[in-house]
Amino acid sequence: MPAPRRVTRRQHRKAGLTLNPGRGEREMEVAVAAMGFVYERQKTIGPWFADFAIPELRLVIEVDGASHDPVADARRDAGMAQTDWTVVRVSAEDAKADAVGALFAALPDIYRFSALRNTNRARLCALIRGE
């Protein structure tokens, strides 16, 4: 019988982040999916975990709650930028109130076109109306 596989601290942390998202992250996930993006939750990029990564666009979407440290976030953003990822930050409060609007406002212009082109418009309109 093979020996049981050891779970590293990093794998354990990633599983916790994936299984226990906050409300802002849950709302953002619905918005990202409604915009038609193919995304990964808690994608490992270097030594960091990205809340949402859209590999095709090399775009990271971070939902920042009260526990985020601006200094650490700036270091992390710079590190991800060195690996050619663009980081967009949205506050958890904005994501809870209007995830679609917050994400669309935070996206650089080049990504907005892609979002509009790929969006399931009926689903997006329903989300905006709160249905």
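Throughout these legends, buried means under 20% relative accessible area, exposed means over 50%, and partly exposed is anything in between (1.4 Å probe, protein chains only). The model is predicted, so local features need pLDDT of at least 70 and side-chain atom pairs count only at pLDDT 80 or more, while totals for chains, interfaces and linings use all residues. Residues are numbered from 1 along each chain as its sequence is written, and side-chain values use heavy atoms, with hydrogens and water left out.

**View 1. The whole chain, for orientation.** The chain has six helices and four strands; these are DSSP runs (H or I of at least four residues for helices, E of at least two for strands), numbered from the N terminus. Following the sequence, you will meet them in the pattern α-α-β-β-β-α-β-α-α-α. Of the 131 residues, 34% count as buried. The chain exposes about 8,100 Å², with carbon and sulfur atoms supplying 55% of that area; accessible areas come from the Shrake-Rupley method with a 1.4 Å probe, and for residues only the protein chains shown count as cover. Taking a contact as heavy atoms within 4.5 Å, residues 24 or more positions apart account for 59% of the contacts with a separation of 6 or more.

**View 2. An aromatic pair between Tyr39 and Phe52.** Rings of Phe, Tyr and Trp (its six-membered ring) pair if their centres lie within 6.5 Å; planes under 30 degrees apart count as stacked, over 60 as edge-to-face and the rest as tilted. That rule yields one aromatic pair here. Tyr39 and Phe52 form it edge-to-face, at 6.0 Å centre to centre and with 65° between the planes. Tyr39 sits in the loop between helix 2 and strand 1 (40–45) and Phe52 in strand 2 (residues 48–54), so the pair ties together parts that are 13 residues apart in sequence. Tyr39 counts as partly exposed because its relative accessibility is 24%, whereas Phe52, at 0%, counts as buried.

**View 3. The largest nonpolar core.** A nonpolar core is a set of buried Ala, Val, Leu, Ile, Met, Phe, Trp, Tyr and Cys residues joined through side-chain atoms within 4.5 Å. The largest one has 19 residues, and those with the most contacts inside it are Met28, Val32, Leu59, Ile61, Val63, Val90 and Leu103. Helix 2, strand 2, strand 3 (59–64), strand 4 and helix 4 (92–106) each supply at least two residues of this core. Helix 4 gives the largest share, six residues. Zoom in on Ile61 and you will find that it touches Met28, Val32, Asp51, Phe52, Ile54, Val88 and Leu103, not counting residues up to four places away in sequence. Another core, of seven residues, lies apart from the largest one and includes Ala50, Val60, Met80 and Val87.

**View 4. Helix 2 and helix 4, side by side.** The expected span of a helix is 1.5 Å times one less than its number of residues. For the 12 residues of helix 2 (residues 23–34) that gives 16 Å, and the 17 Å between its end C-alpha atoms agrees. Its buried residues are Gly24, Glu25, Met28, Ala31, Val32 and Ala34. Just after helix 2, Gly36 takes a positive phi of about 80°. In helix 4, a straight helix of 15 residues would span 21 Å, but the end C-alpha atoms span only 13 Å. Helix 4 has a kink of about 125° centred on Asp98, where the bend at a residue is the angle between axes fitted to the seven residues ending there and the seven starting there. Ala92, Ala95, Ala99, Val100, Ala102 and Leu103 are the buried residues of helix 4.

**View 5. Arg76 and its contacts.** Arg76 belongs to helix 3 (residues 70–82). At 14% relative accessibility, Arg76 counts as buried. Its contacts, leaving out residues up to four places away in sequence, are Trp48, Phe49, Ala50, Glu62 and Arg89.

**View 6. Positive phi at Gln42 and Asp84.** Most residues other than glycine have a negative phi. Gln42, in strand 1, has a positive phi near 50° and is buried, with a relative accessible area of 1%. Asp84 lies in the loop between helix 3 and strand 4. Its phi is positive, about 65°, although Asp84 is not a glycine, and at 57% relative accessibility Asp84 counts as exposed.
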